[in-house]
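Trainee: I have a two-chain model open and I'd like to learn how to read it. Could we go through it feature by feature?

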Amino acid sequence: MDFMDRNFKEIFAAQLLAIIGFLVAGSLLAFYTEKLLLIPGMLILIPGFLEMRGNISGTLAARLSSGLFLGVIDPTKRKTRAIHGNLLASFILSIVVCLALGLIAFALSFFLFKVYMPKLILMSLIAGFISNLIESPLAVVSTLYFYRKGHDPHNIMGPFVTAVGDVSSIIALLIAMVIV
Amino acid sequence: MRLFHQHLQKLKFLERKKHHPLVHQLHKKYGISKKTLFYMKEYGPHANIPRTIIRESLGILLLASVISSFGGLSLEYIKSTLVSIIPLIILLPVLNGMIGNYGIIMSSKFSTMLHEGKIKGRWWVVSSIRKLFMQIFVLAIITGLLSAIAALAISSISGHPFTSMLASKVMFIVILDVILLIGILMLVSTSAGVYFFSKEEDPNNFLIPITTSITDLGNMVLLSVLIVLIF
């Protein structure tokens, strides 16, 4: 049995690409440590925020991929009911989850560290709105594109959305921090 | 066709118990695949797509957020130490994302093997499973080490030079974190996969949220413990 078979090479290549995205996100975190990580409660918010972006966009891409393979979604049309419905659902989900994340971070910082930081809730909401504007349309366009080019979006979109999602989430948090 | 739509409408309002009886009947009578019927039930022309998605996803998304926030809480406790180790801040999203991706690969491939009937009884004697797990273990260590080297290089370039002691500590933390979490993921994905499959459920639907949540919480708690012990 060949240990370094096609499977091994495919996973390695996809992971390397994803790691580049994660490293960019990590570098942004490191460069803006003083501005971002030193805000009380921010370390409680960030992991959930990054997770949420990947989860929502990943499932969006997976649903669209299934629709494409079943022939229910036309890869050449973007303005369809199915795509609009999926985008709207992703938008509502991210706002609700961001609100929950902000509330959890605020509550934990207040009760455990005695830090009153209501800005965390607003920052989470604004950052969720911004990251959604970047990530969801990108997930739709790239899923349709990869499918049209003959690739299986199931194999590509997972690492792609998590990596791009991490970068866009950190950028969105930085913008939200400036706004708030 | 009208009859088909009537059946589809009935199907839409059926509560999921074990199997949808109409899916089986429609599949047999019209030869439409069960996957297509299921997709049309959920996202068909008469379905409220946003409502369906929100209703089914919100609970698990909120649970994942709570779990991740508790993982973040452990980091908040060691914030003063963590912010002084720049390579580890760079590695934070890398380790979470990378190990999460391996969890997804393991879960989905193990589920597929269960569906294909390749695993019967003792999974650990199946050569393809052993090969897959060995491949993922090796890949996780290689990509973990490459990430650590890249994080140290980025840290150095950005004006935070590292000593050989710091580099070896970071490498040690990454390797230990990767080995422990991949081991836990293997145990969870196989035992939970076999359990859900024996209950006639699709393991894909349960294993991926379970493994990503374990990765998130486990990685952050483990990192916090290792940072406290080593630095």
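**Reading the model, one feature at a time**

Mentor: Let's start with a single residue: A:Lys114 has 8 C-beta neighbours inside 10 Å, so it counts as exposed. You'll find A:Lys114 in the loop between helix H4 (81-113) and H5 of chain A. And keep in mind throughout that this is a predicted model.

Trainee: What is the sign of phi at A:Lys114?

Mentor: The general idea comes before the case. Most residues other than glycine have a negative phi. A:Lys114 is not a glycine, yet its phi is positive, about 55 degrees. There's also a glycine to look at in the other chain: B:Gly159, which follows H7(B), has a positive phi near 90 degrees.

Trainee: Since it's a prediction, how do I use the confidence scores?

Mentor: Where pLDDT is low, the predicted coordinates should not be read in detail. Chain A averages 88, with 99% of its residues scoring at least 70. Within chain A, helix H2 (residues 33-36) has the lowest confidence, at a mean of 79, while helix H5 (residues 119-148) has the highest, at 93. For chain B the mean pLDDT is 83, and 88% of the residues reach 70 or more. Its helix H1 (residues 2-12) has the lowest mean among the elements, 68, and H7(B) has the highest, 93. For the model as a whole, ipTM is 0.87 and pTM is 0.81.

Trainee: How many helices and strands are there in chain A?

Mentor: Six helices and zero strands. Chain B comes to nine helices, again with zero strands. For chain A, the C-alpha atoms fill a box of roughly 55 × 45 × 25 Å along the principal axes.

Trainee: And how do I check the geometry of a helix?

Mentor: Compare its end-to-end distance with the expected span, which is 1.5 Å times one less than the number of residues. H7(B) has 31 residues and should therefore span 45 Å; its end C-alpha atoms are 45 Å apart, in agreement.

Trainee: What can contacts tell me about how each chain is put together?

Mentor: Look at how far apart in sequence the partners are. In chain A, 78% of the contacts between residues at least 6 apart join residues at least 24 apart. The corresponding share in chain B is 72%. Burial is another per-chain number to check: buried residues make up 53% of the 180 residues in chain A and 38% of the 231 residues in chain B.

Trainee: Which residues touch the most other members of the largest nonpolar core?

Mentor: In soluble globular proteins, nonpolar side chains tend to be buried together. Here the largest nonpolar core has 108 residues, and those touching the most other members are A:Leu23, A:Leu101, B:Ile89, B:Leu91, B:Tyr102, B:Ala151 and B:Ile182. H6(B) contributes the largest share of this core, 16 residues. Take A:Leu101 as an example. Leaving aside neighbours within four places in sequence, its contacts include A:Leu45, A:Phe49 and A:Met52 in its own chain, along with B:Ser65 and B:Ser69 across in chain B.

Trainee: That takes us to the interface. How many residues of each chain are in contact there?

Mentor: 50 residues of chain B are in contact with 54 residues of chain A. On chain B, helices H3, H4, H6, H7 and H9 each supply at least two residues of that side. H4(B) gives the most, with 18 residues. By type, chain B's side divides into 30 nonpolar, 15 polar and five charged residues.

Trainee: Can we zoom in on a residue of H4(B)?

Mentor: Sure: B:Ile54 lies in helix H4 of chain B. Beyond its neighbours within four places in sequence, B:Ile54 is in contact with A:Ala89, A:Ile92 and A:Leu93.

Trainee: Why does B:Ile54 count as partly exposed?

Mentor: Because it has 17 C-beta neighbours inside 10 Å, and a residue needs 20 or more to be buried, while 12 or fewer makes it exposed. B:Gln135, in helix H7 of chain B, is a second case: with 18 other C-beta atoms within 10 Å, B:Gln135 is partly exposed. Past its neighbours within four places in sequence, the contacts of B:Gln135 are A:Phe3, A:Asn7 and A:Phe8. For scale, the C-alpha atoms of B:Gln135 and B:Ala64 are separated by 28 Å, and the two residues are 71 apart along the chain.

Notes
Residues are numbered from 1 along each chain as its sequence is written. Chains are lettered from A and ligands numbered from 1 in the order in which they are written. This is a predicted model: local features need pLDDT of at least 70, side-chain atom pairs count only at pLDDT 80 or more; totals for chains, interfaces and linings use all residues. Two residues are in contact if their C-beta atoms, placed from the backbone, lie within 7 Å. Helices (H or I, at least four residues) and strands (E, at least two) are DSSP runs, numbered from the N terminus. Ala, Val, Leu, Ile, Met, Phe, Trp, Tyr, Cys and Pro count as nonpolar, Asp, Glu, Lys and Arg as charged, and the others, Gly among them, as polar. A nonpolar core is a set of buried Ala, Val, Leu, Ile, Met, Phe, Trp, Tyr and Cys residues joined through C-beta atoms within 7 Å. pLDDT is the predictor's confidence in each residue, from 0 to 100.
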